[in-house]
Amino acid sequence: MSDILCIYYSRTGSTRDAMTEIARTLDAELVELKDGVNRSGFGGWLRCGMDAMRRTCPPVEKPETQRPLADYRLVIIGSPVWAGRCSSVARSFLKQYGKELQNAAYVLLRGSEDKNEEVYDQMDLYTPCGHRAAVSLRSGSVGYAFWQEEFLRQTRDFLSGQEK
C-alpha cells in the first residue's frame, strides 16, 4: 500500500492524464475528487469560471482512499486553473480536509501561457504544512515534459530527504 496519494479534479481530462502519469511514476494511489455538480459543456465551463471568481466551495464527496489522509507521507493535489484560481472542487477538498495533510504538493493544469504560480499560495491557505513541491503545466506546450520531470525530481528529493 502506497504512502503517497495523488488526488485530483479534472473537468476535461487534462488534469486526470497528468495525475495518472505522475501516480504511475511514483507508484502512488490515485483518487478522483467529485462534487456532484454538472460541469460539462459550455454551461459547465461558465459555471467553473463563476465558481472560481466567487470562491465558491461546493462540498466534495468524501474521497475513498486506502488509508486516512493523515497517514499519507505526501498528498499531491491536482487541479485545473479556473480564472486564475484552483478549481472550486480542489479548494473545497483543501478547505474540508487540508488540515489533515502532513505534506502537500500541487499540480496545476492551465490553458493560458500565464503560469499562475500565485495559486500555490491560495492553496497553502488551507494546508498548515504548505507545499513541498509544485508545478504549473500547460497541456501541449513545449516545456510540458520538462516541467513534469522537474516536479517529479522535486518530489523524489523531498521523499528521499524524509527517509533519512
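# A chat about cores, strands and a few single residues

Mentor: In this predicted model, the largest nonpolar core has 27 residues, and those with the most contacts inside it are Ile7, Ile77, Phe93 and Met123.

Trainee: Which elements give two or more residues to this core?

Mentor: Strand 1, strand 3 (74-82), helix 3, strand 5 and helix 4 (118-124) do. Helix 3 gives the most, with five residues.

Trainee: Is there another core apart from it, and how many residues has that one?

Mentor: Another core of 22 residues lies apart from it, and among its members are Ile4, Ala18, Met19 and Leu152.

Trainee: Back to Phe93. What is phenylalanine 93 in contact with, leaving aside its neighbours within four places in sequence?

Mentor: Phenylalanine 93 is in contact with Ile7, Leu33, Val60, Pro63, Leu69, Ile77 and Gly98, once neighbours within four places in sequence are left aside.

Trainee: And how many residues of helix 3 are buried?

Mentor: Eight of the ten residues of helix 3 (residues 88-97) are buried, so the helix is mostly covered. The buried ones are Ser88, Val89, Ala90, Arg91, Ser92, Phe93, Leu94 and Tyr97.

Trainee: Zooming out, how many helices and strands does the chain come to?

Mentor: The chain comes to five helices and six strands. From the N terminus on, they run β-α-β-α-β-β-α-β-α-β-α.

Trainee: How much of the chain is made up of buried residues?

Mentor: Buried residues are 51% of the 164 residues in the chain. The chain exposes about 8,100 Å², and carbon and sulfur atoms supply 49% of that area.

Trainee: Now the strands. Why is strand 3 described as largely enclosed?

Mentor: Nine of the nine residues of strand 3 are buried, so the rest of the structure largely encloses this strand.

Trainee: Which sense does strand 3 pair in with strand 1, parallel or antiparallel?

Mentor: Strand 1 and strand 3 pair in the parallel sense, over five bridges. Isoleucine 4 stands opposite leucine 74 in strand 3.

Trainee: What about strand 3 and strand 5, parallel or antiparallel?

Mentor: Strand 3 and strand 5 run parallel and are joined by six bridges. There, proline 80 stands opposite leucine 109 in strand 5.

Trainee: And strand 3 with strand 4, parallel or antiparallel?

Mentor: Strand 3 and strand 4 (residues 85-86) run antiparallel, with two bridges between them. The bridge partner of valine 81 is cysteine 86 in strand 4. The hairpin of these strands has two residues between them, and alanine 83 takes a positive phi near 50° there.

Trainee: How many bridges join strand 1 to strand 2?

Mentor: Four bridges join strand 1 (residues 4-8) to strand 2, and the two run parallel. From strand 1 the chain passes through helix 1 (residues 14-26) to strand 2, in a right-handed β-α-β crossover.

Trainee: Which residues of strand 2 are on its covered face?

Mentor: Glu29 and Val31 form the covered face of strand 2 (residues 29-32), while Leu30 and Glu32 form the uncovered one. As background, side chains in a regular strand alternate between the two faces of the sheet.

Trainee: Different topic: serine 2. Where is it found?

Mentor: Serine 2 is found in the segment before strand 1. Its relative accessible area is 16%, so serine 2 is buried.

Trainee: What lies 3.0 Å from a polar atom of its side chain?

Mentor: The backbone nitrogen of isoleucine 4 does. The backbone oxygen of aspartate 27 also lies 3.0 Å from a polar atom of the serine 2 side chain.

Trainee: Is aspartate 27 buried or exposed?

Mentor: Aspartate 27 counts as exposed because its relative accessibility is 62%. Aspartate 27 lies in the loop between helix 1 and strand 2. Its phi is near 55°, a positive value in a residue other than glycine.

Trainee: Last one, lysine 99. Buried or exposed?

Mentor: Lysine 99 is exposed, with a relative accessible area of 70%. Its place is in the loop between helix 3 and strand 5 (104-110). Leaving aside neighbours within four places in sequence, lysine 99 is in contact with Tyr126 and Pro128. Lysine 99 and tyrosine 126 are 27 residues apart along the chain, and their C-alpha atoms are separated by 6.8 Å.

Notes: Residues numbered from 1 in each chain as written. Predicted model: local features only at pLDDT ≥ 70, side-chain atom pairs only at ≥ 80, totals over all residues. Heavy atoms only, no water. Buried < 20%, exposed > 50% of the residue type's maximum accessible area, 1.4 Å probe, protein only. Pairing = 2+ DSSP bridges. Right-handed = clockwise from strand over helix to strand, strands pointing away. Areas by Shrake-Rupley, 256 points an atom, 1.4 Å probe, with all protein chains shown as cover. Contact = heavy atoms within 4.5 Å. Polar contact = N/O pair within 3.5 Å; in protein donor to acceptor, adjacent residues only side chain to side chain. Core = buried A, V, L, I, M, F, W, Y, C linked by side-chain atoms within 4.5 Å.
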